[in-house]
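User: I'd like to learn how to read a model like this one, feature by feature. Could you take me through it?

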Amino acid sequence: MKITFANQDLPKSGAAIVYALAGRKLSASAAQLDKQLAGALTRAMANSRFKGDKGQTLEVLAPGKSDLTRVLLLGMGAAKDITDLMIENAAASAVKRLNSSGENEATLIVDSLAAGRDTGADAARSAFGALLESYRFDKYRTKEKPDAKPTLKKLVVATEPHKEAKKAYAALEEIAAGVFTTRDIVSEPANIIYPQSFVAEARKLEKLGVEIEVLGEKEMAKLGMGSLLGVGQGSARESQLLIMRWNGLAATGKAKAKTAKAAKAASDAPLLVVGKGVTFDTGGISIKPAGGMEDMKWDMGGAGTVLGLMRALAGRKARADVVGICGLVENMPDGAAQRPGDVVTSMSGQTIEVINTDAEGRLVLADALWFGQERFQPKAVIDLATLTGAIIISLGHEHAGLFSNDDGLSDQLLEAGLGVGEKLWRLPLGEAYDKAINSDIADMKNTGNRAGGSITAAQFLQRFIKQGTPWAHLDIAGVAWTNEARPTVPKGATAFGVRLLDRLVAKNYES
């Protein structure tokens, strides 16, 4: 779907999309269009349940004398309650509705909806929501019926400050590109995306200025990464450690630092983001049940999010230094596979008794986290992983679990999540939980008991965080994939975390 911006004029053909507020109050453009259509919108509202409330839509076929095909009214509720997310979701709902109505072209007219709101920014947000809704992963569909395909080919966003809107949209479009990168790679089957092919996708970011480095099994063995390597030793696919570096301060003049020394200091301590990249998880010798195992293609959702984040940051030229690391493995059960009861030595020197080979993600992250801290000395560390089924029992599919050793970082993440509709819920850490992963024969074991499974997993990861380093762990097992479409988020891979972390960087790490 092509999105363009234009002056705030009423369209002469195609579908028109306009707004209404609570109490059936039409926006200025909607009122003008209603007059042009001889009161058709007013009559339609009076004869329906549409009141202009948040989330309501009303589709009105244009009268015979009009060259328009239809008008779609979007309810926004009370003007004082309108948010950026509401703007995005309303536009997304319009695109979804028109795609099933058979429309090819539509004009969304964005005028002032509430005092104090930036109309140009609202227009850009509308285009962003529409773009996010337009995503489809359909590359393997060869016999889809025409009436099942979306029809909307062009969306014109008409607003008075259209030049300002277009400029604001440019950065949002790059964030959407990051979201789509994540959705694409997480949606791919495991015979297409495995450690080496994931790396090949990451190399496409080099043209945007992202530095790519890859460690194979020999390099990781020399570094002592027995924890990560143990997970992949049963697979025919070689494990990989992918390092992506966006040197945004250097790329944008080092934030115009007053001195070269200050510039170097600013860029020497990046934000480190680490993702679990188990490209397929059978559970290993502790094999999973057959039912639902096909879903384990998205057990690399954390790594997929890191890839999408780096795409977004590089695309919009973020003025921040960020390192993304993905531990990429395939967890398979062959004769060389890791066994329950094995003891492995991590890069940190700490030993781990492997109680359950299906608790593999934390083993991958342990070495990836330690390597990232040793190599880059980051100012803060965030990891993302589809780590535990227990987090779904705790939080369902509404929130990701947040664990952190730093209140400031935790608060920043919570705020960023609320701002983009990717909600987090902070869960506790503590000594009592930590004792649950003590081993009788090694420094620790990779699982606790059934109680507090998500918490003991986070406690395990915390043992690989250096003292004094702010750290947060996001367990995204319940939100990386959805079986129910929502505005801006279709069924399938959600790309949860891309927008959240992009906003975190923009608000707290960019100069």
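User: Let's start with threonine 151. Where does threonine 151 lie?

Analyst: Keep in mind that this is a predicted model. Threonine 151 sits in the loop between helix 4 and strand 7.

User: Is threonine 151 buried or exposed?

Analyst: Its relative accessible area is 19%, and the cut-off for buried is under 20%, so threonine 151 counts as buried. Setting aside neighbours within four places in sequence, threonine 151 is in contact with Leu98, Asn99, Gly102, Glu103 and Asn104.

User: On to aromatic pairs. How do I read one?

Analyst: A pair of aromatic rings is described by the distance of the centres and the angle of the planes. Searching the whole structure turns up five such pairs. Take phenylalanine 5 and tyrosine 169: the ring centres are 5.4 Å apart and the planes make 55°, so this pair is tilted.

User: Which parts of the chain does that pair link?

Analyst: Distant ones: phenylalanine 5 belongs to strand 1 (residues 2–6) and tyrosine 169 to helix 5 (residues 162–187), with their positions 164 residues apart. Phenylalanine 5 is buried at 16% relative accessible area, and tyrosine 169 is buried too, at 5%.

User: What about tyrosine 135 and phenylalanine 180?

Analyst: Those two also form a tilted pair, 5.1 Å centre to centre with 35° between the planes. Tyrosine 135 comes from the loop between helix 4 (119–133) and strand 7 (154–158), while phenylalanine 180 is in helix 5, 45 residues apart. Tyrosine 135 is buried, with 10% relative accessible area, and phenylalanine 180 is buried with 18%.

User: Rings can have charges over them as well. Which charged residues sit over which rings?

Analyst: Arginine 237 lies over the face of tyrosine 194, 3.6 Å from the ring centre. Lysine 466 has its charged end over the ring of tryptophan 370, at 5.0 Å from the centre.

User: Now the nonpolar core. What's the general idea?

Analyst: In soluble globular proteins, nonpolar side chains tend to be buried together. Here, the largest nonpolar core has 51 residues, and Phe198, Leu242, Met244, Ile382, Leu413 and Leu501 have the most contacts inside it. Helix 11 gives the most to this core, with seven residues.

User: Which residues does leucine 501 touch?

Analyst: Neighbours within four places in sequence aside, leucine 501 is in contact with Val273, Leu309, Ile382, Leu384 and Leu413. There is also a second, separate core of 41 residues, and Phe5, Val110, Leu155 and Phe180 are among them.

User: Last one: the sheet. What is the strand order?

Analyst: Eight strands make an open sheet with mixed pairing, in the order 8-9-11-10-14-18-15-16. Strand 8 (211–215) and strand 16 (424–426) are at the edges with a single partner strand each, so one side of each has no neighbour in the sheet. From one strand to the next, the twist averages 20°.

User: How do strand 8 and strand 9 pair?

Analyst: They're antiparallel, over five bridges, with strand 9 covering residues 240–247. Glutamate 213, for instance, stands opposite isoleucine 243 in strand 9.

User: And which helices pack on the sheet?

Analyst: Helix 11 (residues 301–315) is one of them, touching strand 9, strand 10 (271–281), strand 11 (321–331) and strand 14 (380–385), and its direction makes about 135° with that of strand 10. Helix 12 (residues 361–376) lies across strand 8, strand 9, strand 10, strand 11 and strand 14, at about 150° to strand 10.

Notes: Residues numbered from 1 in each chain as written. Predicted model: local features only at pLDDT ≥ 70, side-chain atom pairs only at ≥ 80, totals over all residues. Heavy atoms only, no water. Pairing = 2+ DSSP bridges. Helix = DSSP H or I, 4+ residues; strand = E, 2+ residues; numbered from the N terminus. Axes fitted to C-alpha atoms, helices over the stretch in contact; angles between N-to-C directions. Contact = heavy atoms within 4.5 Å. Phe/Tyr/Trp six-rings, centres within 6.5 Å; stacked < 30°, edge-to-face > 60°. Buried < 20%, exposed > 50% of the residue type's maximum accessible area, 1.4 Å probe, protein only. Lys NZ or Arg CZ within 6 Å of the ring centre and 35° of its normal. Core = buried A, V, L, I, M, F, W, Y, C linked by side-chain atoms within 4.5 Å.
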